[in-house]
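Hi everyone, thanks for coming. Let me put the protein up on the screen, and then I'll walk you through the parts I liked.

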Amino acid sequence: MDLESTYEIDRVAGFISARAFRRVALQFPDEILKDSTRIVAALHEKLRSFNQLQAGSNGDAKDVKLYVMADTMYGNCCVDEVGASHANADCVIHYGRTCFSPTSTLPAFLVLGKASLGVPLCAQKLCEYIKKAGKPILVLYGLEYAHAIKEIKASVGSQACFELEVHYADIMSPIITPPETFSSMNEQPELSDGQCANVRSTQESNAAYCIGGLTWSLPVGRRMEDYLIFYVGSDDPAFANILMTYNACEIVRYDATEDLLVNDFSQQKRILKRRYFLIEKAKDASIIGILVGTLGVAGYLHMIHQMKDLITRAGKKAYTFVMGRPNPAKLANFPECDIFVYVSCAQTALLDSKEFLAPVITPFEAMIAFGRGSEWTGAYVTEFRDLITSSPMEAKNQSEARFSFIQGGYVEDVEQQEVEEVEDGVSALVNITEKALRVRDKDSQTLMPGTAKSGAEYFAARSYHGLDIHPENNFSEPFLIGKSGRASGYKNETAQQS
């Protein structure tokens with residue numbers, strides 16, 4: 001495929017010209033960065049021709065400045081509004097894999113790209129599975145194969161594969177406009193058209209679904225569990241999102257690169273068991289860190305406040321961390337946290353934390369662990385926008401004993417010291433400090449029985465606090481001259497040998 005067709009040069013130039021944007025940020029992932037110079041040159045040429053037409057009709061036209069963004073603070077699938085703001089951009093053109101998460105402040109145009117796909121081979125595999133499936137089929141696909149779905153649909157229809165009901169998902173609009181009602185990051189966002197949630201919406205007619213940029217509707221009375229999902233694409237985060245969200249459905253994946261069907265997802269199914277284990281481990285946690293995994297997805301700040309409120313109501317201590325992409329080395333700097341809650345888009349939420357010092361869970365798992373009346377049913381939600389509520393969620397009562405699968409017995413959570421409304425901030429700080437100091441033993445640096453309930457308690461019980469400072473010694477000491485030279489032979493050692 002040629003460059004203009006693959007990266008939709010005409011559509012992108014038309015989008016920029018129609019909205020009169022003058023400063024445009026182009027966001028490239030690493031795998032497409034090699035083509036960035038050619039794309040920028042083609043866009044400049046196309047925009048120049050549009051400007052000449054506008055100059056002929058309006059008498060004047062201004063040049064458009066293009067800025068290339070090659071590195072993102074978080075996942076490549078999200079629109080990097082922070083990076084675009086550094087260039088004072090009016091909009092963002094996003095290339096490559098995307099999660100279709102709504103933006104907060106800047107409009108965006110998503111260029112999905114076009115991966116090669118053998119349409120006859122894929123249609124043949126789909127027809128063979130239609131004949132032996134025995135249930136209705138829903139065809140989902142990776143966004144890079146969206147350009148070939150019409151041909152697949154026509155090819156399947158020409159082979160007279162009408163024994164069963166077959167539905168094809170549609171792709172959402174590539175233009176993302178920030179919701180007008182989302183004026184403050186502290187308010188709850190209202191999703192605009194094309195920005196629906198992953199779960200089914202209640203309608204009088206058909207049931208509407210959407211996930212990762214795909215949208216479809218099912219007839220009245222039908223559920224997702226009644227359908228077999230035929231997925232066209234690779235084993236990537238987009239497919240993992242579908243596999244986790246619709247884990248009760250039978251799923252078959254067609255690998256376009258290998259031309260084969262994959263229906264053994266036992267390894268992926270084990271992920272659900274591990275997520276349940278992390279939920280049980282989170283119930284025993286006392287100090288929780290909230291990791292900010294996005295600074296651009298609409299509603300992220302509202303979800304952070306909702307998580308902090310839920311954790312506080314559960315009698316636990318919450319700390320918020322903004323550190324870019326998390327890794328074991330970064331999180332190891334905060335050993336006082338028993339567990340972390342990762343607030344990010346749906347395709348980066350499932351972070352494999354096996355090598356981390358503390359587990360990392362999603363907001364959905366945190367709601368089950370800390371919310372009252374929440375039980376594990378097997379259903380899973382990766383999109384945090386589906387969890388945003390206008391009213392605070394009721395937390396679990398700490399005074400009730402519960403069975404801990406991690407400790408293997410009944411435990412009773414210790415409530416944090418409640419501060420009365422009449423108590424001012426100074427007295428509250430004194431009480432917390434006294435409580436932290438009581439954790440330390442008189443004659444040793446060891447931690448007494450019980451776990452720390454805050455960062456202050458954890459720090460007070462540590463055996464190492466940094467360099468020892470003796471404030472009683474107020475006299476300055478003379479400077480000492482150290483060794484000089486190379487390690488193989490310092491100057492003073494050379495003088496002694498000679």
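So, the second largest pocket: 26 residues line it, and Glu 31, Gly 96, Arg 97, Leu 112 and Glu 144 lie nearest its centre. Before I go on, this is a predicted model, where local features need pLDDT of at least 70 and side-chain atom pairs count only at pLDDT 80 or more, while totals for chains, interfaces and linings use all residues. Residues are numbered from 1 along each chain as its sequence is written, and side-chain values use heavy atoms, with hydrogens and water left out.

What do I mean by a pocket? On a 1 Å grid over the protein atoms alone, a pocket is an open set of points where a 1.4 Å probe fits, with protein on both sides within 12 Å along at least five of seven lines, and a lining residue has an atom within 4 Å of a point. The idea is that rolling a probe the size of a water molecule over the atoms shows where empty space is left. For the volume, grid points are joined across faces, edges and corners, and we take the space filled by probe spheres set on the points.

By that recipe the second largest pocket holds about 550 Å³ of space. Its lining divides into 12 nonpolar, nine polar and five charged residues. Here nonpolar covers Ala, Val, Leu, Ile, Met, Phe, Trp, Tyr, Cys and Pro, charged covers Asp, Glu, Lys and Arg, and the others, Gly among them, are polar. Helix H7 gives the largest share of this lining, three residues.

Now the largest pocket, with a volume of about 670 Å³. It has 26 lining residues, and the closest to its centre are Ile 271, Arg 275, Leu 350, Leu 351 and Asp 352. Helix H7 (237-245) and helix H8 (266-283) each supply at least two residues of that lining, and H8 has the largest share, with six. By class, we get 11 nonpolar, six polar and nine charged residues.

Stepping back, the chain has 14 helices and 21 strands. Those are DSSP runs numbered from the N terminus: helices are H or I with at least four residues, strands are E with at least two. How many of the 498 residues are buried? The share is 46%, where buried means under 20% relative accessible area, exposed means over 50%, and partly exposed is in between (1.4 Å probe, protein chains only).

Helix H2 (residues 9-18) has a good set of buried residues: Ile 9, Val 12, Ala 13, Phe 15, Ile 16 and Ser 17. After H2 comes Ala 20, with a positive phi near 55 degrees. That's worth a pause, because most residues other than glycine have a negative phi.

Two more residues do this. Phe 100, in the loop between strand S3 (91-95) and strand S4 (108-111), has a phi near 60 degrees. Is Phe 100 buried or exposed? At 6% relative accessibility, Phe 100 counts as buried. Then there's Asp 259, with a positive phi of about 55 degrees, in the loop between strand S12 (250-255) and strand S13 (260-262). Asp 259 is partly exposed, at 27% relative accessibility.

Okay, sheets. Strands pair through backbone hydrogen bonds, either parallel or antiparallel, and we call two strands paired if DSSP finds at least two bridges between them. One open sheet has four strands in the order S15-S14-S16-S17, with parallel pairing. Strand S15 (317-321) and strand S17 (360-361) are at the edges with a single partner strand each, so one side of each is left without a neighbour in the sheet. S15 pairs with strand S14 (residues 287-292) over five bridges, in the parallel sense. One of the partnerships is Ile 287 with Lys 317 in S15.

For the antiparallel kind, look at strand S9 (residues 207-211) and strand S10 (residues 214-218), which pair over five bridges. Tyr 209 has Trp 216 in S10 as its bridge partner. S9 and S10 make a hairpin with two residues between them, and Gly 212 in the turn has a positive phi of about 60 degrees. S9 is mostly covered, too, with four of its five residues buried.

That's my tour, thanks for listening!
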